[in-house]
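Visitor: Could you take me slowly through one part of this model, the sheet, and then through the residues that belong to its surroundings? I would like a careful, connected account.

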Amino acid sequence: MATAGNADALGVPGLTGMIRPGHPADLVVIDGVDFAARAPKVLEVVVTGRRLVSPETP
């Protein structure tokens with residue numbers, strides 16, 4: 001909801017700010033919550049709705 005609220009504030013509701021079929025997406029999925037303790041591990045990268053190979057993939 002945080003990104004959908006920002007999209008509303010920018011005047012582009014429904015065009016961006018949601019993860020759902022048909023919407024473009026740039027995402028980075030990480031494993032980790034405490035960034036101060038260790039760097040997060042990148043699990044997946046999605047650019048314009050297309051999955052890219054993770055840097056950790058052999």
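Guide: In this predicted model, three strands form an open sheet in the order β1-β2-β3, and their pairing is antiparallel. The edges of the sheet are β1, residues 27-31, and β3, residues 50-52, each of which has a pairing partner on one side only. If you follow the strands across the sheet, neighbouring ones are turned against each other by 25° on average, with direction ignored. As a general point, the strands of a sheet are paired through backbone hydrogen bonds, and this can happen in a parallel or an antiparallel way.

Look next at the pair made by β1 and β2, where β2 covers residues 41-47: these two strands run antiparallel and are joined over 5 bridges. Within β1 you will find Ile30, and standing opposite Ile30 is Val42 of β2. Ile30 has a relative accessibility of 33%, and therefore counts as partly exposed, since that class lies between the limits of 20% and 50%. Together with Val28 and Phe35, Ile30 also makes up a nonpolar patch on the surface, and the accessible area of these three residues adds up to about 280 Å².

Ahead of the sheet, the loop between α1, residues 2-9, and β1 contains Ile19. Ile19 counts as exposed because its relative accessibility is 70%, and the limit for that class is over 50%. Although Ile19 and Gly49 are 30 residues apart in sequence, their C-alpha atoms are 9.4 Å apart in space.

Notes:
Residues numbered from 1 in each chain as written. Predicted model: local features only at pLDDT ≥ 70, side-chain atom pairs only at ≥ 80, totals over all residues. Heavy atoms only, no water. Pairing = 2+ DSSP bridges. Helix = DSSP H or I, 4+ residues; strand = E, 2+ residues; numbered from the N terminus. Axes fitted to C-alpha atoms, helices over the stretch in contact; angles between N-to-C directions. Buried < 20%, exposed > 50% of the residue type's maximum accessible area, 1.4 Å probe, protein only. Patch = residues over 30% accessible without salt bridge, like charges linked within 9 Å, V, L, I, M, F, W, Y side chains within 5 Å. Areas by Shrake-Rupley, 256 points an atom, 1.4 Å probe, with all protein chains shown as cover. Salt bridge = Lys/Arg side-chain N within 4 Å of Asp/Glu carboxyl O.
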